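Q: I should like to learn how to read a contact between two chains and the helix that contributes to it. Where should one begin?

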Amino acid sequence: MNVNGKRKWSNPNKPGGRHHYRPPYNQPALKLLIVGCGRVGSQIAADMDRFGHQVVIIDKDPNQFSRAATRGVLTTDFKGDQVVGNGTDADVLRRAGIEDADGFVAVTEGDNRNIMAAQVAKHVFKVPRVVARIYDPERAEAYEKLGLHTICPTIEGAKHIEKTLLETH
Amino acid sequence: MYVIVVGGGTVGYYMSRDLLERGHEVTLIEKNSSRADWLETQLGSIVMRGDGCEVKFLSQTGIERADAILAVTADDEDNLIALQMAKKHFNVKKTIARVNNPSNVEIFKMLGVDEAVSATDVLLAALEPPITT
């Protein structure tokens, strides 16, 4: 970011430019908070950063950031911020800049932690786009009904595998 | 009264014991089975082993006729989810949470919990002299 707090774009047409991605011309860059720096969280953070969005990734274990780097996901060209702290803690979220965030993703290992973090983002800080990963299908359905956008990898993953299995001869 | 207590740690144990002594009907939910075994030796058959955040499990506890549910585990997120399930699925009249992070008192109320109690706040109130106006 430059001094005005605006993102500096690299020229996408410049050959050999390091960052080729930017949001489509009609889409402004979004400020995104990601709670949980596991495989999924770090992947989303890296992708969104490459797409030109402003990313803050939060994890209570600082080693998770270096683990992601070792996996080649959050490497030195990641321009976002890394915050160490509990993603259900309002103070930590405030420090990470939730008050002007456009999107929020909760992908820690704990279903309940994701549900709580997502609800705090949605109902306390009024973040417009909030997504929570919930492994337990029942809990995912319950909170989907309550208006939370939930992704249940258990059901999605199983469906996907079953489809592939039945299509393969 | 019929009261469900989620979490059989120190707080949950003494809370259940006290409620029983006062003549109330209590079900104490504990996830850890060896802890539940110990609780059973102290309190008898009121202990149920399971996850207080799971709707299917909660439905086996007679929660529909509960007058109140107290969630007193050491994890705020678990307390919140258990109480939201009790409220939204089973219409329990009174939901009460133990809150470990004091800033969650307000948040829990915004998210539909009837009462949220923070030990930190209680202790601080005991320390501070009353403010005279």
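A: Begin with burial: a residue is buried if 20 or more other C-beta atoms lie within 10 Å of its own. The model discussed here is predicted.

Q: Which residues of α4(A) are buried?

A: They are Asp111(A), Asn112(A), Arg113(A), Asn114(A), Ile115(A), Met116(A), Ala117(A), Ala118(A), Gln119(A), Val120(A) and Ala121(A). Because 11 of its 14 residues are buried, α4(A) is largely enclosed by the rest of the structure.

Q: How many residues of each chain are in contact with the other chain?

A: In general, the size of an interface is often given as the accessible area lost when the parts come together. Here one may count residues: 16 of chain A are in contact with 16 of chain B. On the chain A side, two or more residues come from each of α3 (90-95), α4 (111-124) and α5 (137-145). The largest share, 8 residues, belongs to α4(A). By type, that side of chain A divides into 7 nonpolar, 5 polar and 4 charged residues.

Q: What span should α4(A) have, and what follows the helix?

A: An α-helix has 3.6 residues a turn, so residues three or four places apart point the same way. At 1.5 Å a residue, the 14 residues of α4(A) should span 20 Å, and the 19 Å between the end C-alpha atoms agrees with this. After α4(A) comes Lys126(A), with a positive phi near 55°.

Q: Which residues have the most contacts inside the largest nonpolar core?

A: Leu33(A), Ile34(A) and Val5(B) do, in a core of 76 residues. Beyond its neighbours within four places in sequence, Val5(B) is in contact with residues including Met15(B), Val26(B), Leu28(B) and Val72(B).

Notes. Residues are numbered from 1 along each chain as its sequence is written. Chains are lettered from A and ligands numbered from 1 in the order in which they are written. This is a predicted model: local features need pLDDT of at least 70, side-chain atom pairs count only at pLDDT 80 or more; totals for chains, interfaces and linings use all residues. Two residues are in contact if their C-beta atoms, placed from the backbone, lie within 7 Å. Helices (H or I, at least four residues) and strands (E, at least two) are DSSP runs, numbered from the N terminus. Ala, Val, Leu, Ile, Met, Phe, Trp, Tyr, Cys and Pro count as nonpolar, Asp, Glu, Lys and Arg as charged, and the others, Gly among them, as polar. The expected span of a helix is 1.5 Å times one less than its number of residues. A residue is buried if 20 or more other C-beta atoms lie within 10 Å of its own, exposed if 12 or fewer, and partly exposed in between; C-beta atoms are placed from the backbone. A nonpolar core is a set of buried Ala, Val, Leu, Ile, Met, Phe, Trp, Tyr and Cys residues joined through C-beta atoms within 7 Å.
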